[in-house]
Amino acid sequence: MSTESKTTTKKDLIELLSERIGLDAQKTGAIIEEFTAVLAEEFIRGNSVVLRGNLGTFKAIRTKEKKARNIKENTAIIIPPRNDIKFSLSTEIFERMNKKY
């Protein structure tokens, strides 16, 4: 793996996936849109999503209230608890990414 990082956009994913599965870009784009919509709905419900072996786990978590400081005004503030998503990469992909060449 090179040290340079490239950002892959949704458009890039659509092109790559449409080439691999032989669907036109419009249908592939619709599949990706629906897939991300389903993920978002599950996250909103507070559910975790596990894509074992292929990708990893998106875990729904609730952060705790925490104290912070407003640097500009030098005042203490409270950051309220909120819902968030934690992603854990699958072991298979982690090992492939960190394979020594």
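Here a biologist and a modeller talk through the helices and the sheet of this predicted model.

Biologist: What makes K10, L13, I14, L17, S18 and I21 of α1 part of a contact with α2?

Modeller: Contact means heavy atoms within 4.5 Å. Those α1 residues make the contact with A25, T28, G29, I32 and E33 of α2. By class, this contact of α1 with α2 has six nonpolar, three polar and two charged residues.

Biologist: Why is G29 of α2 counted as polar there?

Modeller: Gly is placed among the polar residues by the definition used, so G29 of α2 goes with them.

Biologist: And how do you describe the way α1 and α2 are packed?

Modeller: Packed helices are described by the angle between their axes and the distance between the axes. For α1 (residues 10-21) and α2 (residues 25-44), the axes come within 9 Å and cross at roughly 115 degrees. The crossing is right-handed.

Biologist: Now the sheet. How do you know that β2 and β5 pair?

Modeller: Pairing takes at least two bridges between two strands. Strand β2 (residues 56-62) and β5 have seven bridges in the antiparallel sense, so they count as paired. T57 stands opposite S88 in β5.

Biologist: What makes β1 and β5 edge strands?

Modeller: β1 (49-51) and β5 (83-89) each pair on one side only. The order in this open, antiparallel sheet is β1-β2-β5. From one strand to the next, the twist averages 20 degrees.

Biologist: Which strands does α2 touch?

Modeller: α2 packs on the sheet and touches β1, β2 and β5, with its direction at about 135 degrees to that of β1.

Key. Residues numbered from 1 in each chain as written. Predicted model: local features only at pLDDT ≥ 70, side-chain atom pairs only at ≥ 80, totals over all residues. Heavy atoms only, no water. Axes fitted to C-alpha atoms, helices over the stretch in contact; angles between N-to-C directions. Helix = DSSP H or I, 4+ residues; strand = E, 2+ residues; numbered from the N terminus. Left-handed = near helix turned anticlockwise from the far one by under 90°.
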